Structures are given as structure tokens and as C-alpha cells.
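The exercises below ask for a careful reading of a model, with each task followed by a solution that goes step by step. Please keep the sequence and the coordinates at hand while working through them.

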Amino acid sequence: MGRERPATDDARRRIHLLMLAPAVLLLCVFFVIPLLGMIRRSFVDGNVFANYASIFSSDVYLHVFLLTFRISAIVTAISLLLGYPVAYLLAHAKAGIARVVLIFVVLPYFTSVMVRTFAWIVLIGREGIINQQLAIYGLRLPFDLLYNEAGVLIGMTYILVPFMILTLYASMRGIDPTFTRAAYGLGASPAAAFLRVFLPLSLPGVAAGSLLVFILALGFFITPALMGGPADITLAMLIEREVEITMNWSFAAALATTLLIVTLIAFAVYARVARLGRLLEPLS
Amino acid sequence: MTMETGQQPSAGTWLLRGIVALILMFLMTPVLIIVIISFENSLQLRFPPQEYSFRWYVRFLADPAWQRAIWVSLQVALITTVLATTLGFFAALALVRTRMRTKLVIYGFLLTPLIVPAIISAIAFYMTFAKLGASGSVLGIALGHTMMALPLVVIILTAAFRNLDERYEWAALSLGAGHWYTWSRITIPLAAPALISAALFAFLSSFDELLIALFLSGIRAQTLSVRIWNSLTLQIEPTIAAVSAFFVALTVLVLALDALLAYRTRRRQS
């Protein structure tokens, strides 16, 4: 580095710490301390792990966990199926086309989750727009799509597909196109070039996108609460009920702590797969 | 799959394009339909509307309860934007420039609110601050929202500041400019487009946030999101379509401004 640098390393370090301090402190006071307080609240005086014992010994709560995992897994799988072709096309399209496609992905992505959920309620409800349209031809949907697990899956997939597309696209853009061209040059068919060259190279992106969608799905509240039936209680909904209706804060805290631990474990895997550390390197 | 090889598009390519077109329709249709049916005149939401009118918009904007909600949402979002952007600006600049070995840890720490499920952050915040007077308080909700917006701001700004060459500032300093002058004339103007972009997304994230606002709302401080939620869980009224269209319009505005900023920055750099 040049001699014109204005400050010594020590002084620079102090300035940087000073710049970081307000954000870090505020996050501690309004985020970390409340979280730690919540975790502490989950332990009961006397029998410390009583809440956790009742979570894991009750069929009712285990059912909620299993349902949450199952919904998250199905939503992740469908999101991958829908997201992969879009990301593939984005990564190979000309800049102009890619820009148009991105608008279709990014506008829903940034639109309020509640508004998008409402849109699906209006669309697939019993008297909804899809049935209104079908009624013109004397038809209607043979089964209900809303207020059951199908509704939850449709709504959550819709909201999470953009996360999948954007993660896959970011990863696919880093795949050197000369590899696929080399495969063509060596006589590979398009299908073989895709299956043997591009697909394996895209797997880290697939892992990152799937983990991200799965993590987000685990903690989903708005969509299952609005689109599910009485039996479709996810973990996030159970936590909200324990706080607002049962007012059993200690038990709610234990449920939340369990969800938090599962999420953090999944995120630790995600951080390794997506190599988040690269994002900070200065370019110059 | 031959898009890059310069041959004629094969059947496979057309199949891929067709599938992608369907998926894009799936993504965009609900958003468009909400906007279109918000102009329906009758009590039942129909597509296409039988008769177009601004009836539900008038109802939305003239109702004192909705007006109050708009005002609460605006106050919360503005406080959130100012706090999150200011804090995020200093943090992001320090993160990109420092050579501290712990910077990755600090970066990860600042992003944690993004990883923790919103329901958990919301109940933790509620359990800690409800009794301290945050319930029904605009400032309380805004502080909660600031924690959620901070990671967005830090991500946007660290990405932008990687392009911000510190040598411009060193040049100014070595030519005799003071620290304050260098900040206000070099650093801030160079960072301005990214700052505005980060502020826009902080604003949008606060405007859309439901859970923290829901737990802390009380009777006095119901944001727009909380009012929509109450309507959706109790009795769906057609006004909601107009309110939803308003949210979509706000999102389009934020994205358009962001695209404009990005375009101008690119043009200036080239």
C-alpha cells in the first residue's frame, strides 16, 4: 500500500471498531438479549428441562414437528423443480431477455408475503377466481385447494420459488460456459453435455438453494396460518398460539428454542455450502 | 440448450422456453390479478371485474381507521429506514475496509436476524419489551423492524462498497483536504446511490413486516400489515384488494427507483 495512507494501522483499526460499535451494540440490546432471555425462559425452575420433556414425549407436538418438516421438504423439492429451469435459462439467456425474466422473479420476491398469500386465497378459494372461470364452462375444481395441506404447499412454494431461482442463478453464472462448449466440441449431445457436465457443476448451487428454502420454510407462519386447515398446524403457528392464546410463554420459548437450534444447524451447513465468506473481499 | 453455441434452437430449447414461460406466468399472475380485481365495483371480487371503479380505493383512503394505519406504517418505516441505513452504512464501510481478522464473525453476527425465523425474533422481542412500554408504541415497533432491516442494508452496502475505492479519499487527504471535507465531498457522494437503494429496501421491509408489528400492535399502533392480517383472519373485505394493490405499487416503485439508480451508476462508471 502507498505512503499516502492517512493513518497508522492502529488508528484505522480504532476507527473501524468505532464505526461497527453502534450497529453491534443495538443488535445486542434489541435482538441478542431478547433471544437469550427467551431461551432462559424456556427452562423451568425445579425441573429444568420439563418443557422440553413434554415436547418430545407428546404425540401432538411430535406430529407438529413432523408436519413442519414434511411441508418444508415437499416445498423445497417443488421449488427446486420449478426453479432449476428458470435459473438455467437465465444463466444462458442474452442480457436483454435475462432482464425481462428477472422482473418476473424479482417483483413477486419483493412483494409482501401477506399480499401474495391473499392473492392465492382469492384465486383458489371455493368461490375463487379459478372456480369462477371454470364455472363458465360448467366445471369446477374436483377438490378443495384452500384451507388444507394443498393450500399450504401451493402458497409456500409460490413464495419460496424466487429464493431458489435467485440462489441457483447466482451459482450457475459462475459455471464456465467453455466446459459445456468443450463437451459439444467433443461430440456430446445436448442432453449428455447437460447431464454429465452442467448438472454436476450446478450441484453446489442446488444444495445452497435447497437448504435456504428449507430453512425459510421451517419458520413459515403467515402462509400456513392463512391457507391451512384446522389440522395444518406448523411449528411457527404453534409457537404463536402458545404466546397469544394459551399464554404459556415458558412452553412457547421452549418450542421456539428447539426451532432455533434446528434452523441454526441447517444454516451452518448452508454457510459452508454457499461459501458466504467470499462476499466481503474488497475488489480492488 | 444450444443458446450459447450459435446453432439453430433445438426442440429441447423450445421445450425449456415453454416450461419457463409457464413458471413465469405462475409467478406473475397472482400479483397482476390482485391489482386488476382491486378495481372491481361489486362486493364480490371477480375476474375480470364486471364494472371498473375506484370504489375500494376511496373506501381505503377515506376510512379513518385505514388512514391511521397508513400513518403508523409510515412513521414506523421512516424511523426504521433512518436508523437501519445510518447504522448499516458505518458498519458496512468498516467491514469492507478493515483488516481485522474477526470481520467475518462480525459480518455473520450482523446478518443473524435474517437467519432466525421471524416468529422467534418477534416473540423474543415481545416477551422482553412488552412490559417495558413497547406495546402499542411506534418507536418499539420501529426498533424491532430496525433489527430486521439492518442485515438487508449491510448486505446491499457491503456489496456496493467493494467497488468504492478508498484511494479517492487518500488522494483528497494527501492534497490537504480535512477529514470532514473528505467525508462529505468524496465518501458520501460516492456511496449515495447504494445508500438510497439500501434505504428503499429498508423502508419496504418495514412496511411489509407483520409479526413484530402484530405482537406489539395493541390498539394504538396498528400498522397496515396488521390491519390486513386482522381482516384476513376475521372477515375478508374487498377493501383488502385495494390495499394489496397499494402494496404492489409501492414494491414496483422501490424496484423501479433501484433500477434507475443502478443504471445511472453504471453509466457514470463507464
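Two residues are taken to be in contact if their C-beta atoms, placed from the backbone, lie within 7 Å. The model treated here is a predicted one.

**Exercise 1. Examine helix α4 (residues 103-115) of chain B: compare its length with the expected span, locate its bend, and state what its buried residues pack against.**

Solution. Begin with the length: the expected span of a helix is 1.5 Å times one less than its number of residues, so the 13 residues of α4(B) should span 18 Å, and the end C-alpha atoms, which are 18 Å apart, agree with that expectation.

Next, look along the axis of the helix. A bend of about 30° is found in α4(B) at B:F109, and a proline, B:P113, follows within four residues.

Then list the residues that are buried, for which the cut-off is 20 or more other C-beta atoms within 10 Å. In α4(B) these are B:I106, B:Y107, B:L110, B:P113 and B:I115, so that B:P113, the proline that follows the bend, also belongs to the buried set.

Finally, find the partners. Within chain B, the buried residues of α4(B) pack against α3 (64-97), α5 (118-134) and α6 (138-161), and from chain A they meet α1 (9-41) and α12 (249-274).

**Exercise 2. Is B:F47 buried or exposed, or partly exposed, and which residues does B:F47 contact beyond its sequence neighbours?**

Solution. First place the residue: B:F47 sits in the loop that joins α1 to α2 (55-62) of chain B.

Second, count the neighbours. B:F47 has 17 other C-beta atoms within 10 Å, and because a residue needs 20 or more to be buried and 12 or fewer to be exposed, B:F47 is classed as partly exposed.

Third, set aside the neighbours within four places in sequence; the contacts that remain are A:I129 and A:Q132 from chain A, together with B:I33, B:I36 and B:I37 from chain B. As a check on distance within the chain, B:F47 and B:N230 are 183 residues apart along the sequence, and their C-alpha atoms are separated by 24 Å.

**Exercise 3. Carry out the analysis for B:L210: where does this residue lie, why does it count as buried, and what does it contact?**

Solution. The location comes first, and B:L210 is found in the loop between α8 (179-208) and α9 (211-216) of chain B. B:L210 has 21 C-beta neighbours inside 10 Å, and therefore counts as buried.

Leaving aside neighbours within four places in sequence, B:L210 contacts A:M114 and A:I222 of chain A, as well as B:S225, B:V226 and B:W229 of its own chain. For B:L210 and B:Q269, which are 59 residues apart in sequence, the C-alpha to C-alpha distance is 39 Å.

**Exercise 4. Describe the overall build of chain B, its domains, and the contact between those domains.**

Solution. Start with the secondary structure, which in chain B consists of eleven helices and zero strands. The C-alpha atoms fill a box of roughly 70 × 70 × 30 Å along the principal axes, and buried residues make up 43% of the 270 residues. Of the contacts in chain B with a separation of 6 or more, 72% are between residues 24 or more positions apart.

Continue with the division into domain 1 (9-53) and domain 2 (63-269), whose C-alpha centres lie 30 Å apart. Seven residues from domain 1 of chain B and six residues from domain 2 of chain B take part in the contact, and the domain 1 side divides into six nonpolar residues, one polar and no charged.

**Exercise 5. Describe chain A, and then the contact between chain A and chain B.**

Solution. Chain A has twelve helices and zero strands, and its radius of gyration is 24 Å, whereas a compact globule of 284 residues would have one near 19 Å. Its domain assignment gives domain 1 (1-41) and domain 2 (48-280), with 33 Å between the C-alpha centres of these two domains.

Turning to the interface, the contact takes 79 residues from chain B and 74 residues from chain A. On the chain B side, helix α1 (residues 11-37) supplies the largest share, 14 residues, and that side as a whole divides into 56 nonpolar, 15 polar and eight charged residues.

Note on methods. Residues are numbered from 1 along each chain as its sequence is written. Chains are lettered from A and ligands numbered from 1 in the order in which they are written. This is a predicted model: local features need pLDDT of at least 70, side-chain atom pairs count only at pLDDT 80 or more; totals for chains, interfaces and linings use all residues. Helices (H or I, at least four residues) and strands (E, at least two) are DSSP runs, numbered from the N terminus. Domain bounds come from an automatic or database domain assignment. Ala, Val, Leu, Ile, Met, Phe, Trp, Tyr, Cys and Pro count as nonpolar, Asp, Glu, Lys and Arg as charged, and the others, Gly among them, as polar. The radius of gyration is taken over C-alpha atoms; the globule rule is 2.2 Å times the number of residues to the power 0.38. The bend at a residue is the angle between axes fitted to the seven residues ending there and the seven starting there.
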